[in-house]
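Notebook, domains and empty space. I wanted to look up how the parts of this chain meet and where room is left between the atoms.

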Amino acid sequence: MTMIRYDHFYAGGSIIPVKGPGRHTVVDPAKEVACADVWLCGHGEVDLAIKHARRGFDAWRHSSLGERGAALQRLKAALEQRSGEISQLLATEMGCPVWLAGLMQMPMPLKGIDCAIEGLSQIAWEERIGNGLVERVPSGVVAAITPWNFPVHQIVAKVAAAVAAGCSVVLKPSEAAPGAAWAFMQAVHDAGLPAGVVNLVWGDAEAGAYLVTHAGVDRISFTGSTAVGQRIMASAATSLTPVTLELGGKSVAVLLDDADLAAAIPVIVRMGLANSGQACVSQSRLLVPRHLRDEVIARFRQAAAGWVLGDPLDPATRLGPVATAAQYARVNRMIARATEQGASCVVGGPAPLARGYFVTPTLFANVQPEMEIARQEVFGPVVALMTYDNEHEAADLANASGYGLSGAVWAADPVRALSFARRMKTGQVVINGAAQNLATPFGGWGLSGFGRENGRFGIEDLLAFRSLHGAG
Ligand code: NAD
């Protein structure tokens with residue numbers, strides 16, 4: 001296999017060779033063969049990117065809303081042209097099936113750019129209150145740190161919002177899925193965004209930690225694990241740099257007793273398994289009325305059988321491997337511990353293929369709320385089923401994980417469904433399998449973080465207020 005070299009970073013509108021000595025090797029998770037090397041930036045290279053971002057901000061903060069909208073339109077067109085290339089890279093570098101890339105990995109960011117453009121005209125950029133003029137101004141240079149699981153979507157959620165807000169960005173994407181990030185950067189370049197507005201450095205935890213504590217950064221926007229989010233928030237306390245934290249989840253799907261199981265279960269299976277369960281909004285817990293338990297398990301088993309494991313490059317494959325060896329080890333450890341703690345594996349089993357980090361779709365029953373499998377994010381195709389006897393108990397169980405990113409409720413009676421949704425402590429609830437609306441605010445409660453992304457809410461997140469008293 002030809003190794004791809006990601007050995008340049010992007011600063012001030014130029015593609016610059018990385019001199020730093022560090023390397024990160026990406027392994028194709030379906031073949032367990034090295035497929036790419038990422039040259040990690042040193043401190044001097046991060047300093048340079050921030051210097052260019054400061055210059056970029058000084059100019060871009062004065063741009064008109066029309067200029068920002070036009071820049072985003074050009075970015076969308078350039079990114080769309082790279083959709084096919086990105087889908088192939090996601091399959092090779094993180095095991096995402098090309099089917100899912102075509103369905104979600106690329107359509108979501110393209111729609112996300114549209115929502116940012118629409119958001120420009122929905123914001124009250126200036127408001128008069130008595131003798132005061134309240135302005136919403138760009139907050140400055142944004143350090144944007146993103147994970148690997150929906151890499152383009154997560155990058156766009158930050159970068160499109162920053163461009164719309166009049167900010168500049170230093171993006172540090174995940175070293176685990178570099179191809180999508182570099183293709184995005186090339187789209188930025190092709191779109192002719194002004195120099196210094198969007199910059200990219202490569203790095204792991206070390207470069208990320210350096211970036212978020214840099215004096216040249218005004219705002220931090222992080223998407224990733226709760227543990228790293230906590231570290232970033234602690235380090236930002238010294239400078240009081242504002243942070244947005246989009247963190248992990250342990251989202252739940254709740255079936256009320258009148259739910260249409262034939263409609264619900266295939267969607268619940270998709271929300272638990274898609275991208276091999278590596279989605280922050282994965283519905284990795286399932287709450288079921290006790291008397292429906294066996295029927296739900298049977299339907300789950302039947303629906304999961306359609307999730308064929310295989311080569312992510314094959315359009316027939318529904319489920320690829322998990323993305324990395326570390327992720328594979330973690331998922332297998334959590335499966336073993338769930339069994340040790342008394343949960344019953346009712347769907348799934350041992351490693352299905354001889355090669356690759358493949359995990360069979362897995363459902364645990366007899367799960368108790370205090371078990372690890374009910375409380376910790378797995379980030380694999382593993383769902384924990386719990387039963388309840390009444391709606392109060394269902395609400396208590398739904399809200400027991402400490403996370404609060406997403407969730408779902410299913411009920412034939414829409415009033416009942418809405419009423420239950422309002423009892424859920426979480427940033428979003430999907431009612432009866434509705435489509436996700438990318439113009440609404442996205443973000444968590446509790447251990448899932450705070451701050452909001454998408455549409456006008458993502459732009460507002462990167463704005464600061466300025467009140468001018470007595471402005472004529
Ligand atoms: P991660 O926290 O390990 O890494 C995320 C990013 O942070 C990477 O770019 C990494 O290099 C960087 N990083 C690591 N340590 C750092 C440090 N000390 N300082 C600064 N940067 C550092 O997460 P991951 O494994 O890449 O992604 C999976 C996690 O992300 C899951 O927990 C998932 O739920 C979460 N996630 C959340 C959302 C959301 O919107 N809430 C979306 C996708 C993924």
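**Entry 1. The interface.** I began with the contact between the domains: domain 1 and domain 2 bury about 2,300 Å² between them, and carbon and sulfur atoms account for 59% of that area. I then asked which three residues supply the most of what domain 1 buries against domain 2. They are Trp99, Trp148 and Ser448, which together give 25% of the domain 1 area. I note here that the model is a predicted one.

I looked up the bounds next. Domain 1 is made of two segments, 4-247 and 448-469, while domain 2 runs over 251-437. Their C-alpha centres are 30 Å apart. On the domain 1 side 25 residues take part in the contact, and on the domain 2 side 28 residues do. I also checked for salt bridges between domain 1 and domain 2, and the count is zero.

**Entry 2. The largest pocket.** I turned to open space. The largest pocket has a volume of about 1,200 Å³. Its lining has 47 residues, and those nearest the centre are Pro147, Trp148, Gly224, Ser225 and Val228. Trp148 I had already written down, as one of the three residues named for the domain 1 buried area.

Which elements give two or more residues to this lining? I found strands E4 (23-28) and E11 (219-223), along with helices H8 (205-212), H9 (226-236) and H12 (325-340). H9 has the largest share, with six residues. I sorted the lining by class and got 22 nonpolar, 16 polar and nine charged residues. Both domains take part, since I find at least three lining residues from each of domain 1 and domain 2.

**Entry 3. The second largest pocket.** This one holds about 750 Å³ of space. It is lined by 35 residues, with Met104, Met108, Met271, Val281 and Gln436 closest to the centre. Helices H4 (98-105), H5, H6 and H10 (261-273) each supply at least two lining residues, and strand E19 (407-410) does as well. By class I have 21 nonpolar, ten polar and four charged residues. Here again the lining draws at least three residues from each of domain 1 and domain 2.

**Entry 4. Closed space.** How many cavities of 30 Å³ or more does the structure hold? I count five. The largest has about 100 Å³ of space. Of its 13 lining residues, Gly112, Val156, Ala157, Asn454 and Gly455 are the closest to the centre. Helices H5 (107-120), H6 (151-165) and H16 (455-461) each give two or more residues to the lining. H6 gives the most, with five. I noted H5 and H6 before, in the lining of the second largest pocket. Charged residues are absent from the lining of the largest cavity, which has eight nonpolar and five polar residues.

The second largest cavity holds about 70 Å³. I list 14 lining residues, of which Arg285, Ala398, Tyr403, Ser406 and Thr426 lie nearest its centre. Strands E13 (251-255) and E18 (403-404) are the elements that give two or more residues to it. Its lining does include charged residues: three, beside five nonpolar and six polar ones.

Definitions and conventions
Residues are numbered from 1 along each chain as its sequence is written. This is a predicted model: local features need pLDDT of at least 70, side-chain atom pairs count only at pLDDT 80 or more; totals for chains, interfaces and linings use all residues. Side-chain values use heavy atoms; hydrogens and water are left out. On a 1 Å grid over the protein atoms alone, a cavity is a set of points where a 1.4 Å probe fits but cannot get out, and a pocket is an open set with protein on both sides within 12 Å along at least five of seven lines; lining residues have an atom within 4 Å of a point. Grid points are joined across faces, edges and corners, and a volume is the space filled by probe spheres set on the points. Helices (H or I, at least four residues) and strands (E, at least two) are DSSP runs, numbered from the N terminus. Ala, Val, Leu, Ile, Met, Phe, Trp, Tyr, Cys and Pro count as nonpolar, Asp, Glu, Lys and Arg as charged, and the others, Gly among them, as polar. Domain bounds come from an automatic or database domain assignment. Contact means heavy atoms within 4.5 Å. Buried area is the accessible area (1.4 Å probe) that two parts lose on being put together, summed over both. A salt bridge is a side-chain nitrogen of Lys or Arg within 4 Å of a carboxyl oxygen of Asp or Glu.
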